[in-house]
Amino acid sequence: MELLKERILKDGKSFDGGILKVDSFINHQMDPVLMKAIASEFVQRFSDLNINKIITIEASGIAPAIMVGLELNLPVVFVKKAKPKTMAGFYASQVYSFTKDRTYDVCVSSQFLNENDNVIFIDDFLANGNAALGVENLIKQSGANLLGMGFIIEKSFQEGRDRLLNENIRVESLIRLKSLGDNSIIFEEQ
Ligand code: 5GP
């Protein structure tokens, strides 16, 4: 996705250790025009599927997911990183966070995910795949059907893609990064 590539080169900041900061346009301050274009690209890539719900994880996945939901006129469910006191029936799992270096519980209400659902998962980054696999676990518990996963940015030098493909999950990444270093961003040929 050329528009996204240009924006990453213009406003993204890369650091040694393989971290890309995109907080001026994706996950802190957000650019809704870019987010709309991102959503349209996801919709096009998943256009062969019969989806009835979008699933994501708070917080950074919510913006792209809701834009996809708006374009497809479908509900969007976000997996929570803390269980609200008022949530009765729910599925829970654990996720290790790459950026925060800690493990946290994630959950989703059984009211909003069940065996009648055909879902795609949308998130901002695919790194080691921990968040995605945690959500896959919740989807499996609920009996819903996972049709694919879409990521704005995939860090292809980490193991996420392989781990998801091992689970037979279809992966669509709008941008794939080959490497990230101090002030160096190298894209995979696509
Ligand atoms: P994973 O669970 O695939 O290891 O990591 C994905 C999650 O970690 C994403 O939801 C994202 O929030 C965060 N993350 C991973 N790598 C990066 C990165 O380079 N930059 C930013 N901003 N977030 C990242």
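I take buried to mean under 20% relative accessible area, exposed to mean over 50%, and partly exposed to cover what lies in between. I note at the outset that this is a predicted model, and I read every value below as computed from it.

**Entry 1, Phe-121.** I began with Phe-121, which lies in strand 7, a strand that runs over residues 118–126. Its relative accessible area is 0%, so I enter Phe-121 as buried. I also looked up its spacing to Ile-139: the two are 18 residues apart in sequence, and their C-alpha atoms are 9.8 Å apart in space.

**Entry 2, the ligand and its shell.** Strand 7 led me on to the ligand, because I wanted to know which element gives the largest share of the shell around the ligand. That share, four residues, comes from strand 7. I counted 16 residues around the ligand, and I list Leu-20, Asn-128, Gly-129, Ala-131 and Lys-155 as the closest. By class, the shell divides into seven nonpolar, six polar and three charged residues.

I then went through the backbone contacts to ligand oxygen. A polar backbone atom of Asn-128 is 2.8 Å from an oxygen atom of the ligand, and for Gly-129 a backbone N or O atom lies 2.7 Å from a ligand oxygen atom. For Asn-130 I noted a polar backbone atom at 3.1 Å from an oxygen atom of the ligand. Taken alone, the ligand exposes 500 Å², and the protein buries 88% of that area.

As to where the ligand sits, I found it in the largest pocket. The elements that give two or more residues to the shell are strand 2 (19–21), strand 7 (118–126) and helix 4 (130–142).

**Entry 3, Asn-52.** Next I looked up Asn-52, whose place is in the loop between helix 2 (32–45) and strand 3 (53–57). Its relative accessibility is 27%, which falls between the 20% and 50% limits, so Asn-52 counts as partly exposed. I compared its position with that of Ile-120: they are 68 residues apart in sequence, and 8.8 Å apart in space from C-alpha to C-alpha.

**Entry 4, backbone geometry.** Before going through the backbone I reminded myself that most residues other than glycine have a negative phi, and that most peptide bonds are trans. Against that background I recorded the peptide bond from Glu-58 to Ala-59, which is cis, with omega near 0 degrees. I placed Ala-59 in the loop between strand 3 and helix 3 (62–72).

Asn-73 has a phi near 55 degrees, a positive value in a residue other than glycine. I found Asn-73 in the loop between helix 3 and strand 4 (76–79), and with a relative accessible area of 69% I enter Asn-73 as exposed.

Asn-183 also went into this entry, with a phi near 65 degrees, a positive value in a residue other than glycine. Its loop is the one between strand 9 (171–181) and strand 10 (184–187). At 72% relative accessibility, Asn-183 is over the 50% limit and therefore counts as exposed.

**Entry 5, Glu-167.** My last lookup was Glu-167, in the loop between helix 5 (160–166) and strand 9. Is Glu-167 buried, exposed or partly exposed? I enter Glu-167 as partly exposed, because its relative accessibility is 34%. I also checked Glu-167 against Ile-19: the two are 148 residues apart in sequence, and 25 Å apart in space between their C-alpha atoms.

Conventions
Residues numbered from 1 in each chain as written. Predicted model: local features only at pLDDT ≥ 70, side-chain atom pairs only at ≥ 80, totals over all residues. Heavy atoms only, no water. Near = heavy atom within 4 Å. Polar contact = N/O pair within 3.5 Å; in protein donor to acceptor, adjacent residues only side chain to side chain. Areas by Shrake-Rupley, 256 points an atom, 1.4 Å probe, with all protein chains shown as cover. 1 Å grid on protein atoms, 1.4 Å probe; cavity = no way out; pocket = protein on both sides within 12 Å on 5 of 7 lines; lining within 4 Å. Sits in = over half its atoms within 2 Å of the grid points. Nonpolar A, V, L, I, M, F, W, Y, C, P; charged D, E, K, R; others polar. Buried < 20%, exposed > 50% of the residue type's maximum accessible area, 1.4 Å probe, protein only.
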